[in-house]
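The report below describes the fold of one protein chain, with attention to its sheet, its surface and its charged pairs.

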Amino acid sequence: MVRRLQLFVIGAVLLVAAFSTGLAFLFYLVYLAILVVGGSYVLTRLGLSDLEAGYAVSQLHGHVGDKLKVTYTLRNTSRLPKFWLEIHNPTSLPGGLPGRAITLAGSTERSWLIRASLVRRGHFRIEPLQIQTGDPFGFFEASAAVGQPVSVIVYPRIDPLPLWRIPAAGIEGTRAAPERTLQTTALATTVRPWAPGDSFNRIHWKSTARHGEIQVKEFDLETTADAWIVLDLERSSQGGHGDESTVEVAVRAAASIADKALTENRSVGFTVNGHRMAILPADRGGRQHLKVMQLLAAVDGDGTTPLAEVLVASASRLRRGMTAIVITSSLDTGWVRPLATLRSRGVGSVAVTLDAAAYDRLAAERSRREAGLRPEPNADDAETRAKRVRALRHALAEYELPSYVITPGRPLGEVLVG
């Protein structure tokens with residue numbers, strides 16, 4: 001707008017001077033200015049005419065670490081070339097989507113592919129495609145928006161947990177226990193000769209035909225350990241910064257444990273004390289997996305409800321045979337007793353704790369290293385935290401609660417072994 005005002009003022013002064021003085025040179029400048037400005041205006045107006053454009057996103061959801069592919073297509077249906085086109089997508093994705101400036105000949109089409117890394121979980125938006133053009137002198141410009149906005153959900157990264165086993169309760173379910181049972185279950189493990197009292201529906205006819213005598217199936221006792229995950233995101237207990245923070249690691253641990261349980265066809269429920277406490281009823285299958293990932297994509301470490309209150313509120317939803325898995329960085333020992341009392345109701349308990357002090361130290365070391373300073377440890381604060389950590393470990397051991405400690409630099413697959 002300022003440039004156009006300057007152009008108008010200069011043109012008016014030049015026109016007044018030409019008519020006032022009658023100099024041929026000034027009239028020449030007036031005609032030249034009319035030609036340049038008029039040509040620039042026409043060129044800009046034609047820059048977006050007879051132009052077709054669009055973009056396609058390969059996926060509307062993915063996990064951290066995946067690649068998002070965006071395909072752009074521009075088609076010039078006119079015989080006149082498009083000398084200058086700027087194409088970009090405004091987006092809230094971290095790192096954005098790179099734009100491009102191209103020249104498009106007449107009656108041609110051009111396509112290209114952009115790969116963007118999904119580096120942060122959350123809900124993001126890709127705005128309509130923006131196309132801009134202008135004249136070589138910068139006097140005029142034109143723009144157009146193409147397409148509809150697109151929402152992209154980035155789920156937390158899932159780490160493999162090959163050695164993680166949820167402690168099981170001794171009731172009928174989906175995993176085998178190392179003892180035989182007289183009841184018929186889904187786990188037929190071996191056959192043996194028929195004995196008086198064996199039911200006819202336990203006869204294994206193929207083995208009977210092969211051995212020449214009646215063979216019956218032996219069953220293993222089944223147990224189950226459906227999981228209820230309690231993710232503690234109370235603001236006061238968090239530490240670290242960015243991807244190396246207790247919030248992000250806790251969310252990643254919750255996603256990995258839930259994925260492991262759902263893959264084993266277990267039922268999984270969820271409680272998260274974020275900005276508002278969210279409760280996801282227990283269920284299994286692909287739909288539940290999607291619900292869990294969508295919930296974890298949106299949470300943040302801004303909770304205000306203490307973990308002890310969260311456990312009390314969730315206790316009524318835990319049924320016999322479930323295992324409560326608490327993921328927290330809190331050093332308050334007040335939540336240990338509510339967790340331990342669940343055993344009296346036939347509910348198993350596991351604590352996964354995060355060393356917030358270690359994540360704070362890592363963040364401080366990185367910031368001071370980037371600033372070219374040496375780290376300065378705070379001995380008093382470290383000693384206080386160490387006492388609270390020992391108190392929490394003692395409380396967990398007193399109630400014989402299995403616990404795992406997640407520290408920076410160690411893969412979840414190495415920590416969560418059980």
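Two strands are taken to pair when DSSP finds at least two bridges between them. By that criterion, this predicted model contains an open sheet of six strands in the order β18-β17-β14-β19-β20-β21, with mixed pairing. Its edge strands, each of which pairs on one side only, are β18 (277-283) and β21 (403-406), and the twist averages 15 degrees from one strand to the next.

Within this sheet, strand β14 (residues 226-231) and strand β19 (residues 322-328) pair in the parallel sense over six bridges, and D226 stands opposite M322 in β19. Helix α4 (residues 246-263) packs on the sheet, where it touches β14, β17 (268-273), β18, β19, β20 (348-354) and β21, and its direction makes about 170 degrees with that of β14.

The sheet belongs to a protein chain whose secondary structure comes to ten helices and 21 strands. Of its 418 residues, 39% count as buried, and among contacts between residues at least 6 apart in sequence, 74% join residues at least 24 apart. The chain exposes about 22800 Å², of which carbon and sulfur atoms supply 56%.

On the surface, L5, F8, V9 and V13 form a nonpolar patch with about 420 Å² of accessible area together. One of these residues, V13, is found in helix α1 (residues 2-21); V13 counts as exposed because its relative accessible area is 53%, and exposed means over 50%.

The structure holds ten salt bridges, including the three tabulated here.

| Salt bridge | Closest N to O distance |
|---|---|
| R157 with D159 | 3.2 Å |
| R252 with D159 | 3.2 Å |
| R266 with E264 | 2.7 Å |

D159 forms salt bridges with R157 and with R252. The pair of R252 and D159 links distant parts of the chain, 93 residues apart, since R252 is in helix α4 and D159 is in the loop between β10 (150-155) and β11 (175-181). Both R252 and D159 are buried, D159 having 13% relative accessibility, whereas R157, at 37%, counts as partly exposed.

In the salt bridge of R266 and E264, R266 counts as buried because its relative accessibility is 1%, while E264 counts as partly exposed at 21%. Elsewhere, salt bridges that share partners join E52, R75 and E109 into one network.

Conventions:
Residues numbered from 1 in each chain as written. Predicted model: local features only at pLDDT ≥ 70, side-chain atom pairs only at ≥ 80, totals over all residues. Heavy atoms only, no water. Helix = DSSP H or I, 4+ residues; strand = E, 2+ residues; numbered from the N terminus. Buried < 20%, exposed > 50% of the residue type's maximum accessible area, 1.4 Å probe, protein only. Contact = heavy atoms within 4.5 Å. Areas by Shrake-Rupley, 256 points an atom, 1.4 Å probe, with all protein chains shown as cover. Axes fitted to C-alpha atoms, helices over the stretch in contact; angles between N-to-C directions. Patch = residues over 30% accessible without salt bridge, like charges linked within 9 Å, V, L, I, M, F, W, Y side chains within 5 Å. Salt bridge = Lys/Arg side-chain N within 4 Å of Asp/Glu carboxyl O.
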